[in-house]
Amino acid sequence: MVRENEIRRAEVAVEPPPATDAGLVFIGRIRTPWTSRLTCPRQGREDGPICRIEIFEPWTAAIDGVEAFERLEVLYWLHQSRRDLVRQSPANNGEVHGTFALRSPVRPNPIGTSIVTLIGRDGATILVRGLDCLDETPLLDLKPDRSLFTPIAPAQTGDFDVGG
């Protein structure tokens with residue numbers, strides 16, 4: 001079983017540099033049934049429990065029209081996550097991976113993302129299925145799922161070139 005703040009064999013922690021203010025503002029709070037990282041699912045499920053995304057003032061007008069979408073992308077701050085591991089062994093099986101090669105909540109900037117199914121809206125609260133975060137997780141942003149959109153312009157020569 002995973003223990004909170006555990007460093008497993010072969011994992012590597014670093015001393016993070018001092019934080020600088022990126023100007024992030026929490027626009028709401030996420031309400032889920034999970035109060036411990038030990039019981040929270042590793043990935044959200046479409047048949048998971050209905051969770052609530054509560055939008056704070058003055059941002060409530062920003063969700064007008066959200067009901068038109070079946071899926072939303074939710075970005076949230078994983079406020080109880082470590083921020084110092086650069087190599088992790090999430091399965092604790094001896095295999096070690098770089099943090100950026102994992103979907104682990106342990107990250108230098110612990111931003112979580114989920115694609116959720118929209119169930120409905122009740123005023124400033126959006127009801128969804130598919131979250132995988134703790135109760136009272138701070139909300140960073142909310143967007144319609146980008147896979148629902150057609151690209152605005154056709155691909156052009158050079159769009160996919162990565163030059164130096």
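## A tour from T35 outward

Select T35: leaving aside residues up to four places away in sequence, it touches L134 and D135. T35 sits in the loop between strand 2 and strand 3. Is T35 buried or exposed? With a relative accessibility of 65%, T35 counts as exposed, because the cut-off for exposed is over 50%. Now add L127 to the selection. T35 and L127 are 92 residues apart along the chain, and their C-alpha atoms are separated by 18 Å. Keep in mind throughout that this model is predicted.

**Zoom out: the whole chain**

Show the protein chain as a cartoon. How many helices and how many strands does it have? There are zero helices and nine strands. In sequence order the pattern is β-β-β-β-β-β-β-β-β. Along the principal axes, the C-alpha atoms fill a box of roughly 50 × 50 × 35 Å.

Switch on the surface. The accessible surface of the protein chain is about 10600 Å², and carbon and sulfur atoms account for 53% of that. Of the 164 residues, 35% count as buried. Take the contacts between residues at least 6 apart in sequence: 78% of them join residues at least 24 apart.

**Strand 2 and its partners**

Select residues 28-31, which make up strand 2. In a regular strand, side chains alternate between the two faces of the sheet. Which residues of strand 2 are on the covered face? G28 and I30 are on the covered face, while R29 and R31 are on the uncovered one.

Next, add residues 51-55, strand 3. Strand 2 and strand 3 run antiparallel and are joined by four bridges. Click R29: opposite it in strand 3 stands E54.

Then add residues 137-144, strand 9. Three bridges join strand 9 to strand 2, again with the two running antiparallel. Click I30: its bridge partner in strand 9 is T137.

**From strand 3 to strand 8 and strand 7**

Go back to E54. Across from E54, in strand 8, is T125. Four bridges link strand 3 and strand 8, which run antiparallel. E54 therefore has R29 opposite it in strand 2 and T125 opposite it in strand 8, with pairing counted from at least two bridges between strands.

Now select residues 111-122, strand 7. Strand 7 is joined to strand 8 by five bridges, and the two run antiparallel. One opposing pair to pick out is R121 and I126. Follow the backbone round the turn. Strand 7 and strand 8 make a hairpin with two residues between them. In that turn, G123 has a positive phi of about 65°.

**The open sheet**

Move to strands 1, 5 and 6. In what order do these three strands lie? The open sheet has the order 1-5-6, with antiparallel pairing. Strand 1 (12-13) and strand 6 (97-98) are the edge strands, each pairing on one side only.

Select residues 85-88, strand 5. Two bridges hold strand 1 and strand 5 in the antiparallel sense. A13 has L85 as its bridge partner in strand 5.

**Backbone stops**

Most residues other than glycine have a negative phi, and most peptide bonds are trans. Three places call for a look at the backbone.

- Select A10, in the segment before strand 1. A10 is not a glycine, yet its phi is positive, about 75°. At 45% relative accessibility, A10 counts as partly exposed.
- Select E136, in the loop between strand 8 and strand 9. E136 also has a positive phi, about 70°, although it is not a glycine. Its relative accessibility is 47%, so E136 counts as partly exposed.
- Select E57 and P58. The peptide bond joining E57 and P58 is cis, with omega about 5°. P58 lies in the loop between strand 3 and strand 4 (71-77).

**Last stop: a pocket**

Rolling a probe the size of a water molecule over the atoms shows where empty space is left. The second largest pocket has a volume of about 460 Å³. Which residues are closest to its centre? Select A19, W77, R83, P108 and N109, the closest of the 20 residues that line this pocket. Colour the lining by class: 13 residues are nonpolar, four are polar and three are charged.

Terms used: Residues numbered from 1 in each chain as written. Predicted model: local features only at pLDDT ≥ 70, side-chain atom pairs only at ≥ 80, totals over all residues. Heavy atoms only, no water. 1 Å grid on protein atoms, 1.4 Å probe; cavity = no way out; pocket = protein on both sides within 12 Å on 5 of 7 lines; lining within 4 Å. Points joined across faces, edges and corners; volume = space filled by probe spheres on them. Nonpolar A, V, L, I, M, F, W, Y, C, P; charged D, E, K, R; others polar. Buried < 20%, exposed > 50% of the residue type's maximum accessible area, 1.4 Å probe, protein only. Contact = heavy atoms within 4.5 Å. Areas by Shrake-Rupley, 256 points an atom, 1.4 Å probe, with all protein chains shown as cover.
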